[in-house]
Amino acid sequence: MNSEQFRKFGKELVDVLADYIDNIRDRDVLPTVEPGYLSEMLPDEAPEEPEDWKDVMKVINDAIMPGITHWQSPHFHAFFPTGHSFASLLCSMLSDGLAVLGLNWLSSPACTELEIVTMNWLGKLFGLPEEFLNRSLGPGGGIIQGSASEATLMALLVAKDKTIRILKTHDPNLDNDTAKSKLVAYTSDQCNSSVEKAGLLGSMKMRLLQSDVNGCLRGETLKNAMNEDKALGFTPCYVIATLGTTATCAFDFLSELGPICKEANVWLHVDAAYAGSAFICPEYRYLMKGIEFTDSIVVNANKWIPVNFDCSTMWVRNSCDLMRAFDVQRAYLNDIADHQKIPDYRHWQIPLGRRFRSLKLWTVIKIYGAAGIRKHIRTQIALALYFAELVRADDRFVVEPEPSMGLVCFRLKEGENFTIQMLDILTKRKKVFMVAGSFKNKYVIRFVICSSLTTHENIDYSWRKIKEVADLILNADKINSSTKIGIH
Ligand code: PLP
């Protein structure tokens with residue numbers, strides 16, 4: 001494809017993407033395809049001869065689009081949101097168009113420096129302590145990672161390195177492998193799967209501690225677990241607190257966990273992948289009370305800020321810990337920047353190369369302004385409360401726990417099987433997409449306000465669809481056979 005073709009097709013594609021969003025309400029949120037459908041439609045072998053763009057677009061329209069789940073549909077209420085905005089899209093294109101790879105400062109100075117500026121902007125907007133900002137009071141700073149999973153794993157690996165270094169200062173003859181095998185990480189039983197996986201990837205025992213009745217990890221629980229382990233000869237190393245759990249958006253008690261970690265010299269990482277963006281609104285900052293005790297925090301800006309995946313913003317209090325752990329030198333990576341002043345981000349992350357992600361985040365902050373992002377988040381939360389009111393007004397349903405941020409969990413009073421069946425039918429009908437969670441060992445349906453296109457009317461529609469299915473299954477005994485329940 002030459003530049004002339006790119007001009008033409010690029011403009012057409014912009015129209016396609018604008019039309020996609022403008023007309024997304026006409027589509028069912030879930031596709032109708034069956035697993036394996038695409039392999040049946042596409043050839044087994046790659047083409048030997050070049051094909052033209054028209055052919056590519058035809059396959060995209062005929063085969064790929066039918067297999068898309070429409071995350072920006074106003075009836076997408078599953079998981080958590082994934083950010084989207086035209087401003088972000090344009091900058092994704094710009095970033096790909098410039099095609100720079102951030103390896104070190106010189107490989108594209110603006111790639112490093114815009115990230116520093118943007119991460120400072122966002123850190124300040126979230127009200128993070130000064131120490132987390134780049135070059136403020138010390139070695140803290142922010143970086144954009146590819147995912148919260150990577151951020152949590154990075155923090156685990158650095159915690160491991162730091163703990164072993166500390167142990168070695170007491171016992172220089174310490175056997176590294178034995179010491180590493182005795183390190184323990186702690187989190188709650190409500191943690192995201194990525195947290196448990198970080199333990200597996202980083203070869204560290206990860207204890208999922210029992211959360212309280214509201215799904216929050218308490219200080220006392222952590223303290224007891226650490227004491228038990230110490231008595232058995234293990235070494236507490238890493239704690240992951242969640243601010244906004246995936247199942248119910250519960251908030252661990254950072255203000256209780258923090259002092260315990262500080263006293264034990266244990267790395268405290270905060271997973272605020274979804275809810276952290278709400279800290280841009282001062283009224284929600286009380287939920288991060290205790291943040292001053294933490295060593296690192298991750299917020300997926302690409303969840304709740306209208307910036308497209310991937311954009312996991314992570315701040316660390318002391319980047320020297322990362323440098324000590326992951327500084328691997330090569331002649332071809334020698335840089336002219338003074339890394340006392342400019343972070344050498346390659347040591348802060350797993351891959352060597354970096355995408356120019358800050359372009360889209362910086363642009364979105366500029367185009368929306370902090371006020372625009374706050375408005376977006378407050379609107380989403382208000383819509384969730386509106387949905388909760390509708391559910392509560394119907395005495396066949398229970399809303400539990402209390403709605404948190406943009407998430408409402410609900411179930412049918414009649415019993416778990418009915419709730420499971422309800423979600424199953426709704427999924428098959430493809431008009432509203434929600435997924436399950438659990439609260440106090442009870443199966444609940446999670447309803448999250450995800451799309452920025454969602455309005456009160458869309459919530460009314462989704463609620464009507466939910467009620468239709470509730471009517472069906474709760475009246476099933478009257479028609480005397482659940483098999484008569486249609487999916488249409
Ligand atoms: N942590 C929490 C609380 C989440 O809700 C999620 C995903 O929804 C993750 C971590 C994982 O995020 P990522 O896909 O960026 O690794």
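Trainee: How far does a polar side-chain atom of D271 lie from a nitrogen atom of the ligand?
Mentor: Keep in mind that this model is predicted. D271 also belongs to the set of residues surrounding the ligand. The pair to look at joins a polar side-chain atom of D271 to a ligand nitrogen, and the distance is 2.6 Å.

Trainee: What percentage of the ligand does the protein bury?
Mentor: Start from the ligand taken alone, which exposes 400 Å². The protein then covers part of that area, and the buried share is 84%.

Trainee: Which residue has a polar backbone atom 2.8 Å from an oxygen atom of the ligand?
Mentor: Two contacts to ligand oxygen can be set side by side. T246 uses an N or O atom in its side chain, at 2.9 Å from a ligand oxygen. The backbone contact, at 2.8 Å, comes from A148.

Trainee: How many residues of the shell around the ligand are polar?
Mentor: The surrounding residues include F80, S147, S149, N192, S194, G244, N300 and K303. By class, three of the shell residues are nonpolar and two are charged. Glycine is counted as polar here. The polar count is seven.

Trainee: Are α6 and α12 roughly parallel or roughly perpendicular?
Mentor: Take helix α6 (residues 148–170) and helix α12 (residues 319–326): their axes come within 9 Å and cross at roughly 80°. Angles from 65 to 115 degrees count as roughly perpendicular. The two helices are therefore roughly perpendicular.

Trainee: How many charged residues are in the contact of α6 with α12?
Mentor: On the α6 side, the residues include D161, K162 and R165; on the α12 side, they include D321 and R324. Nonpolar residues number six, and there are no polar ones. The charged count is five.

Trainee: How is α9 oriented relative to α10?
Mentor: Helix α9 (residues 219–231) and helix α10 (residues 254–264) have axes that come within 8 Å and cross at roughly 25°. The cut-off for roughly parallel is under 35 degrees. That is why α9 and α10 are roughly parallel.

Trainee: How many nonpolar residues are in the contact of α9 with α10?
Mentor: From α9 come G219, L222, K223 and M226; they meet α10 residues including L257, I260 and C261. One residue of this contact is polar and three are charged. The nonpolar count is six.

Trainee: Which residue is joined to D310 by a cis peptide bond?
Mentor: Most peptide bonds are trans. D310 sits in the loop between α11 (301–304) and β7 (312–316). Omega is about 0° for the bond in question, and the partner of D310 is F309.

Trainee: Which residue is joined to P401 by a cis bond?
Mentor: Go to the loop between β8 (397–399) and β9 (407–412), where P401 lies. Omega of the cis bond is near 0°, and the residue before P401 in that bond is E400.

Trainee: What is the phi of F79?
Mentor: Most residues other than glycine have a negative phi. F79 is in the loop between α3 (53–64) and α4 (86–98). Although F79 is not a glycine, its phi is positive, at about 45°.

How values were computed: Residues are numbered from 1 along each chain as its sequence is written. This is a predicted model: local features need pLDDT of at least 70, side-chain atom pairs count only at pLDDT 80 or more; totals for chains, interfaces and linings use all residues. Side-chain values use heavy atoms; hydrogens and water are left out. Axes are lines fitted to C-alpha atoms, for helices over the stretch in contact, and angles run from 0 to 180 degrees between N-to-C directions. Helices (H or I, at least four residues) and strands (E, at least two) are DSSP runs, numbered from the N terminus. Angles under 35 degrees count as roughly parallel, over 145 as roughly antiparallel, 65 to 115 as roughly perpendicular and the rest as oblique. Contact means heavy atoms within 4.5 Å. A residue is near a molecule or strand if one of its heavy atoms lies within 4 Å of it. A polar contact is a pair of N or O atoms within 3.5 Å; within protein, one must be able to donate a hydrogen and the other to accept it, and residues adjacent in sequence count only if both atoms are side-chain atoms. Accessible areas come from the Shrake-Rupley method with a 1.4 Å probe; for residues, only the protein chains shown count as cover.
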